[in-house]
Amino acid sequence: MIYLDNAATTLRKPPCVIDAVVRAMTTLGNSGRSAHEESLTASRIIYDAREAAAALFGCPRADQVAFTANSTEALNIAIGGLFSPGDHVISTDCEHNSVLRPLYRRVRYDDFAALIRPNTRAIVCTHASNLTGNLLDIGRIGRLAHERGLLFVVDASQTAGTVEIDMERQHIDVLCFTGHK
């Protein structure tokens, strides 16, 4: 059988993933609940994962890595938590609905600089379109955001782990991605 739906939640899991899930379900406690060894071990494993993700994406602090159920949740938390009514945010017409729905706005890539207003707080964009695969130059966009004192939020759901991302070098303030792609 050839399984071609790996862009959605992957059906076929490698044996090491199955083993890790079984080990977690049979030996670990709730990471945020108690101080017994099983819970502390779970907390250490999660923190190790935060450190690995921070190292992979050039994030300076592992304690700034947060895990959510998926990128839609992460993007909605970022957008809902960072911006208030009346704030101006720049995005693109390549965005997934997880960005477009909360922003209720579509813009063109060429217009980023021209669209900045006095009340603009951030630029939120995808690294690559989930429809076309087109990559945006997040380094260029991040540099513009940094120069203008704006936050830069990137949806890397299509590129995390396959295209190099360096949060410091590309001036990324919030990087959201999912583990099921």
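Which backbone oxygen does the side chain of threonine 126 reach at 3.4 Å? In this predicted model, the oxygen in question belongs to aspartate 155, and the sections below set that contact in its surroundings.

## The parallel sheet

Four strands make up an open sheet, arranged in the order S1-S2-S3-S4 with parallel pairing. Strand S1 (88–90) and strand S4 (174–176) are the edge strands, each of them pairing on one side only. On average, neighbouring strands of this sheet are turned by 20° against each other, direction ignored. In general terms, the strands of a sheet pair through backbone hydrogen bonds, and they do so in either a parallel or an antiparallel manner.

Strand S3 (residues 151–155) pairs with S4 in the parallel sense over three bridges, while five bridges join S2 to S3, which also run parallel. Valine 153 appears in both pairings, since it is the bridge partner in S3 of valine 124 and stands opposite valine 174 in S4. Aspartate 155, for its part, stands opposite cysteine 176 in S4. S3 is mostly covered, with four of its five residues buried.

## Threonine 126 and its surroundings

Threonine 126 is found in strand S2, and its relative accessible area of 4% means that this residue is buried, the limit for that class being under 20%. Its side chain reaches the backbone oxygen of alanine 128 at 2.8 Å, in addition to the backbone oxygen of aspartate 155 at 3.4 Å. When residues up to four places away in sequence are not counted, threonine 126 touches Cys94, Glu95, Leu136, Ile138 and Asp155.

## Helix H3 across the strands

Helix H3 (residues 71–82) lies across strand S2 (120–126), S3 and S4, and it runs at about 165° to S3. The helix has 12 residues and reaches 16 Å from its first C-alpha to its last, which is close to the 16 Å expected at 1.5 Å a residue.

The buried residues of H3 are Ser71, Ala74, Leu75, Ala78 and Ile79. Seen down the helix axis, these buried residues fall within an arc of 120°, and they therefore line one face of H3. Ile77, Gly80 and Gly81, on the other side of H3, are exposed. At the start of the helix, a side-chain oxygen of asparagine 70 comes to within 3.1 Å of the backbone nitrogen of threonine 72.

## Serine 157, between helix and strand

Serine 157 is found in the loop between S3 and S4, and with 7% relative accessibility this serine counts as buried. The side chain of serine 157 makes a polar contact of 2.4 Å with the side chain of serine 71, a residue listed among the buried ones of H3. A further polar contact, of 2.7 Å, joins the side chains of serine 157 and aspartate 155. Aspartate 155 thus takes part in a side-chain contact with serine 157, while its backbone oxygen is reached by the side chain of threonine 126.

## An exposed loop residue

Arginine 33 lies in the loop between helix H1 (15–27) and helix H2 (37–56). Is this arginine buried or exposed? With a relative accessible area of 67%, arginine 33 is exposed. The C-alpha atoms of arginine 33 and serine 43, which are 10 residues apart along the chain, are separated by 9.7 Å.

Conventions. Residues numbered from 1 in each chain as written. Predicted model: local features only at pLDDT ≥ 70, side-chain atom pairs only at ≥ 80, totals over all residues. Heavy atoms only, no water. Pairing = 2+ DSSP bridges. Helix = DSSP H or I, 4+ residues; strand = E, 2+ residues; numbered from the N terminus. Axes fitted to C-alpha atoms, helices over the stretch in contact; angles between N-to-C directions. Contact = heavy atoms within 4.5 Å. Expected span 1.5 Å × (residues − 1). Buried < 20%, exposed > 50% of the residue type's maximum accessible area, 1.4 Å probe, protein only. Arc of directions from axis to C-beta. Polar contact = N/O pair within 3.5 Å; in protein donor to acceptor, adjacent residues only side chain to side chain.
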